Structure formats: structure tokens, C-alpha cells
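These notebook entries record what I looked up in one structure. I turned to enclosed spaces, then to a pair of helices, then to a sheet.

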Amino acid sequence: MPRIVLLLLCCLGASLSTACQAPTRPNVVLIIGDDQAWTDFGFMGHPEIRTPNLDRLAEGGVLFSRAYVPTSLCRPSLASIVTGQYPHQHRITSNDPPKGTDRQEMLRHIDRAETLPDRLHRAGYRSFQTGKWWEGSYERGGFDGGMTHGDPSRGGRHGDEGLKIGREGLAPIASFLNRDDDRPFFLWYAPFLPHTPHNPPERLLKKYRADGRPEPIAKYMAMCEWFDETCGELLTLLEETGQRENTLVLFITDNGWINRPDASRYAPRSKRSPYEGGVRAPMIVSWPGHVSPRIDTALASSIDIAPTVLRAAGLVPPRELPGIDLLAMAEEPAQRDTIFGEIFTHDAVDLDDPAASLLYRWCIRGRWKLIVPTSPDEPIELFDVIADPTELRDLAAEHPDVVRDLAAALDRWWTVERT
């Protein structure tokens, strides 16, 4: 019998040899921080906030230092991560419904969506949800298991029982990781950290108290370290269960944050804004043996997470996902030169018409960032975010050609007339 026939019979037989088996698909862990500034990590150069666990994750993977979320409000931002689409595509634009509208009405869009857990389930993955989750029960997002029940009569809104993860330990995750199940897994870890309430352990808070530093700032800084500690606990669980080497870990925050000095609340030009303090969110991709450590300054977006995970799992991302595979950016750095985003009202104006709730569209190409408000009473703004990352100098009047080109790109992406 020819050798090639023998080889084929071997591969088709009940007892497959190692050489005939398909490559092992990785587990996937998605870590999502909640309300943290893009500057407030050791790996981004903060001189005081300690994030040693995330620093090590960044050192061992790819740090996309110029990564962004398309919108700076948590619910639509998380929906974009789990669906791989922009808010105007999946139509989850706001945290709360129009006044007087039943909250359950908002969930019809996640019911229609194809989520990462949905797609991975069909490929043989099991999944588990913990932490922030706005879309009713974890089941409505396609997860096999989870912590969030989503029942409004029992406090369901943005995570309920899931919001205990991290703040009260990681026991549900430990239980999930220790199950006797050979299938690869997808874990959603979106703890309510460093989000308010800013109530860090005293052992951490005392490290950040300093003469002249307002107490709200010290509390926020301590919360950042507390969040990092929980990330370290999660990574340790992966190591202790022998699953770290074959696990793709991705990290990002849902939106930015600048803490007010007088209260544990966000300052202007951060959360809910189109400025860097709201939408810039460094991203880490770590997969031992598959990702060469480096800092990548190419523009990246949270909508790239879904296609990256699907490619790693051996799946072909569908055409309706606009993101790109982050792991392929090193080989094809020029495959995208512009990223886009959109900012909406906190309470939706219309559940089915994204444009009704739209406040701003924005885009970045190279060093240039254009912000286009929906209202004609606000000016279009242009910033050089390399030279001016805090966006203090509007250059729109000095560079009308750049404004024109980027505005045209925005309209090609999503055309909305200013009213």
C-alpha cells in the first residue's frame, strides 16, 4: 500500500496521531478594566501608580500603546467588544433607555447580535461571564455560564452579582477553570474596578496618601493598584491550573477616566467625551510562544478584539466585522491607516436610530485627530495628538486640508448630517 494512503488512513482512524491532529486552539481570557485613564499604568509610564501584574503582561506580549475604544461610555463600549461592531452597527448606543421606556426593550439588539461567545460556542468553546454586563442575563450574550442574572426586580442593570468579582475574590473563576472539561474556553473578566465606589483596602490607600494630594485622587490611584492585584490573581490561577501557556490573554479598558480632585467623579474631557481622556485605551495581547513581545504604535481599536480572537481560534471572521486581526498587524502594518469612533447620549433618544442619540463622530489618522460634533453650535476640532496628547490646541483653522480629508473619511465610514 502506498505510503500516502497509509498516512491518510492513519489520520482518518479513531486513534489520530499527534502529527495528524489540528493545532490546539487557545483558551481566551479577556480582561476589561473599568474607568481608568490611558496614562495610569506602569507600562504607560505613570511614575506612581503601581500595576506590576499588567506590566508583566505587557512585557511578555504586544502592547498597543495607541489603542482606542470607539465610544467612551461603558455599555456601548462593552457591546462593541463582544460583537466586534461599532455602536451604530449593533445599535447599543447608550447606558439607559429613553425616559419611561421599559429597560427590557433595550435588550433586543443583543438578542439579534452574533457575539464572540456565540461564534466560539459553534467552534466547540465553552464560555463564562463575570463582572460588568449590561445585556440582561449572561445567556443573552451567548455565554454558557456566568454571574449576571439581569433581572431588574433583583437589581439587574449592569452586572448585579457579576460586579462582586475581583472586589470579593475570584472564586467563580477558579471554579470555572478547575472544571473537568477538555474544551477550550473563553472567559470574560470585566470587574467593577477601578470604577467607583472608590473604596480601596486601607493597606493600598495609605501608599498613595501624600501631602498636597487630594483624598479622591489617592483613592482612585489605590483602586488602580487593587484592580491590578486581581489581574495578577487571575493570571496565577491560569498558571496553577496549567493553562497559561495555551491561553491568549487580551487586556483593555472600557473607557478613560480623569478623576476630579474634589470628588470621586470623572472630570470633563474624559469619560463620555471624544477626547483622548475618554477614548484612548492601551491594549495588550499576550500568547506565550505565539506573540513576540514588543511595543506597537500602530493605531488599534477594541473592535479588533473579535477578529483577533476568531482568527486565533481557527475561524474566519465574517465580513460584517470591520476590525482587523491584531496578531497580523506586524506582518501587514499598512492594512489600516485610520480609526473611527462615535459618542452618544447617556440615555438613548431612540432605541433603533443611532443617529438620534449621536453627539460626536471622531477619527484619527497618523498624528491627526478630527472631532465632528452633531450640533452646528459646536466647532469642528483638529488636534495633533502626538505633539499635544492632552488636546489643548485646536488646529482646525490652520489645517483646513486635513480637516477636509478626515471629514470625508468620516462620511465614508458613517454619513450623518449635522443638524
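Entry 1, terms. I take a cavity to be a set of grid points where a 1.4 Å probe fits but cannot get out, and I count a residue as lining a cavity if it has an atom within 4 Å of a point. I note also that the model before me is predicted.

Entry 2, cavities. How many cavities of 30 Å³ or more are there? I find three cavities that reach this cut-off.

I looked first at the largest cavity, whose volume is about 60 Å³. Its lining is made up of Arg-75, Arg-91, Ile-92, Thr-93, Ser-94, Met-106, His-109, Ala-348, Asp-350 and Leu-351. Sorted by class, this lining holds four nonpolar, three polar and three charged residues.

I then turned to the second largest cavity, which contains about 50 Å³ of space. I list Arg-103, Gln-104, Leu-107, Trp-134, Gly-136, Gly-150, Pro-152, Gly-156 and Arg-157 as its lining residues. Here the classes are three nonpolar, four polar and two charged.

Entry 3, a helix pair. I recall that two packed helices are described by the angle between their axes and the distance between the axes. I looked up helix α2, residues 52-59, and helix α9, residues 215-240; they pack at an angle of about 55°, with axes 7 Å apart. An angle of this kind makes α2 oblique to α9.

Which residues of α2 meet α9? I find Pro-52, Asn-53, Leu-54 and Leu-57 on the α2 side, and Phe-227, Asp-228, Glu-229, Cys-231, Gly-232 and Leu-235 on the α9 side. By class, the contact of α2 with α9 comprises six nonpolar, two polar and two charged residues.

Entry 4, the sheet. I recall that strands of a sheet pair through backbone hydrogen bonds, either parallel or antiparallel. I traced an open sheet of eight strands with mixed pairing, in the order β5-β4-β6-β1-β7-β8-β2-β9. Which strands stand at the edges? They are β5 (145-146) and β9 (294-296); each has a single partner strand, so one side of each has no neighbour in the sheet.

I followed the β9 edge further. Strand β2, residues 62-64, pairs with β9 in the parallel sense over three bridges. Phe-64 has Asp-296 in β9 as its bridge partner.

Entry 5, helix and sheet together. I return to α9, which packs on the sheet and touches β1 (27-33), β6 (185-190) and β7 (247-253). The direction of α9 makes about 175° with that of β1. I thus record α9 in two settings: it packs with α2, and it packs on the sheet.

Key
Residues are numbered from 1 along each chain as its sequence is written. This is a predicted model: local features need pLDDT of at least 70, side-chain atom pairs count only at pLDDT 80 or more; totals for chains, interfaces and linings use all residues. Side-chain values use heavy atoms; hydrogens and water are left out. On a 1 Å grid over the protein atoms alone, a cavity is a set of points where a 1.4 Å probe fits but cannot get out, and a pocket is an open set with protein on both sides within 12 Å along at least five of seven lines; lining residues have an atom within 4 Å of a point. Grid points are joined across faces, edges and corners, and a volume is the space filled by probe spheres set on the points. Ala, Val, Leu, Ile, Met, Phe, Trp, Tyr, Cys and Pro count as nonpolar, Asp, Glu, Lys and Arg as charged, and the others, Gly among them, as polar. Axes are lines fitted to C-alpha atoms, for helices over the stretch in contact, and angles run from 0 to 180 degrees between N-to-C directions. Helices (H or I, at least four residues) and strands (E, at least two) are DSSP runs, numbered from the N terminus. Angles under 35 degrees count as roughly parallel, over 145 as roughly antiparallel, 65 to 115 as roughly perpendicular and the rest as oblique. Contact means heavy atoms within 4.5 Å. Two strands pair if DSSP finds at least two bridges between them.
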